[in-house]
Every structure is written in structure tokens, then in C-alpha cells.
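Please open the model in your viewer and keep the selection panel at hand. The tour below moves from one selection to the next and states what is found at each stop.

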Amino acid sequence: TEYSGRMGPLPEWAYAGGVILGMTGGSERVRDVLAKLRAADVPLAGLWLQDWGGARNTSIGIERVWWNWELDRKHYPDWHELRKEAADQGTRLL
């Protein structure tokens, strides 16, 4: 901790709001999973959408998340609407 300091505490919503689910698959899949979780009354604080920047296939045929820090509009063509829908249900997109 002398070199880099201590991490600050997580925000309250991360503790009190339910599960933070990590997933991939694009807008349609996210909406499908959200609907299933809501139908099962699963409390959901956040969705960590690992592939928001897209994905790529490697030379050995494995799909990997593309860490280019730019929104992939093919995977998430309606990102802003998806974020609003989630927020309206008390869920944050990460």
C-alpha cells in the first residue's frame, strides 16, 4: 500500500442492491437474461458487460474480449437505451 495506496470503499449500491453479474453476448442477450432474472425475482445491482468493446477471434480459434476501450456498436447498437432500461429497473451497467 505504500506504493499505490489503498483502494477506496465500494459504493453502497454494490453491497445493498443484489448480484453483480458478469456476462457477454450483446444487447439482445442482455435483455433476455435481464428478463429471466427479473421473472425469478433475483436482486440485481449491476451487469458487468465484458464485451462492450467487442470481441475478436484469435489465431487459434478462441474468442476473446477486445480491450480497445471503444463501444462496439455491432454488439451493443442501442447502448444508451439498454443502459436506461437497466437503470429504470435499479441495475447499473459496468
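Rings of Phe, Tyr and Trp (its six-membered ring) are taken as a pair if their centres lie within 6.5 Å; planes under 30 degrees apart count as stacked, over 60 as edge-to-face and the rest as tilted. The structure shown is a predicted model. With that criterion, a search of the whole structure returns two aromatic pairs.

**First stop: the tilted pair**

Select Trp52 and Trp69. Their ring centres are 6.2 Å apart and the ring planes stand at 45°, so this pair is classed as tilted. Trp52 belongs to the loop between β2 and β3 (55–57), while Trp69 belongs to the loop between β4 (63–65) and α3, so the pair ties together parts that are 17 residues apart in sequence. If the display is switched to the backbone, the C-alpha atoms of Trp69 and Trp52 are found 8.4 Å apart. Colouring by accessibility separates the two partners: Trp52 is partly exposed, with a relative accessible area of 23%, whereas Trp69 is exposed, at 60%.

**Second stop: the edge-to-face pair**

Next, select Tyr76 and Trp79. Here the ring centres lie 5.6 Å apart and the planes meet at 85°, so the pair is edge-to-face. Are these two residues buried or exposed? Both Tyr76 and Trp79 are buried.

**Third stop: the two sides of helix α3**

Trp79 leads into helix α3, which spans residues 79–88 and in which Trp79, Leu82 and Ala86 are buried. These three cover an arc of only 65° around the axis, and therefore sit on the same side of α3. Rotate the view to the other side of the helix, where Lys84 and Asp88 are exposed. Which elements do the buried residues of α3 pack against? They pack against α2 (27–39), β2 and β5 (92–93). Just after the helix, select Gly90, which takes a positive phi of about 85°.

**Fourth stop: the salt bridges**

Now display the charged side chains. Over the whole structure, four salt bridges are found. Begin with Asp78 and Arg31, whose closest N and O atoms are 2.7 Å apart in a salt bridge. Asp78 is in the loop between β4 and α3 and Arg31 is in helix α2, so this pair ties together parts 47 residues apart in sequence. Arg31 itself is partly exposed, with a relative accessible area of 26%.

Keep Arg31 selected and add Glu85. Arg31 forms a salt bridge with Glu85 as well, again with the closest N and O atoms 2.7 Å apart. This pair links distant parts of the chain, as Arg31 lies in helix α2 and Glu85 in helix α3, 54 residues apart. Glu85 is partly exposed, at a relative accessible area of 35%.

Then move along α2 to Lys36 and Asp32. They form a salt bridge in which the closest N and O atoms are 3.2 Å apart. Because Lys36 and Asp32 are four residues apart in helix α2, about one helical turn separates them. Lys36 is exposed, with a relative accessible area of 54%, and Asp32 is partly exposed, at 37%. Returning to the earlier pairs, salt bridges that share partners join Arg31, Asp78 and Glu85 into one network.

**Fifth stop: a backbone turn after α2**

Select Asp41, in the loop between α2 and β2. What is to be noted about the phi of Asp41? Its value is near 55°, which is positive in a residue other than glycine. Most residues other than glycine have a negative phi. Asp41 counts as exposed, at 66% relative accessibility.

**Last stop: the nonpolar surface patch**

Finally, select Ile20, Trp48, Trp67, Trp69 and Leu94 and show the surface. These residues form a nonpolar patch there, with about 590 Å² of accessible area together. Within the patch, Trp48 lies in strand β2 (residues 44–49) and counts as partly exposed, at 43% relative accessibility. Trp69, in the loop between β4 and α3, brings the tour back to the tilted pair with Trp52.

How values were computed
Residues are numbered from 1 along each chain as its sequence is written. This is a predicted model: local features need pLDDT of at least 70, side-chain atom pairs count only at pLDDT 80 or more; totals for chains, interfaces and linings use all residues. Side-chain values use heavy atoms; hydrogens and water are left out. Patches are made of residues with over 30% relative accessible area and no salt bridge: like charges are joined within 9 Å, nonpolar side chains (Val, Leu, Ile, Met, Phe, Trp, Tyr) within 5 Å. Accessible areas come from the Shrake-Rupley method with a 1.4 Å probe; for residues, only the protein chains shown count as cover. Buried means under 20% relative accessible area, exposed over 50%, partly exposed in between (1.4 Å probe, protein chains only). The arc is that of the directions from the helix axis to the C-beta atoms. Contact means heavy atoms within 4.5 Å.
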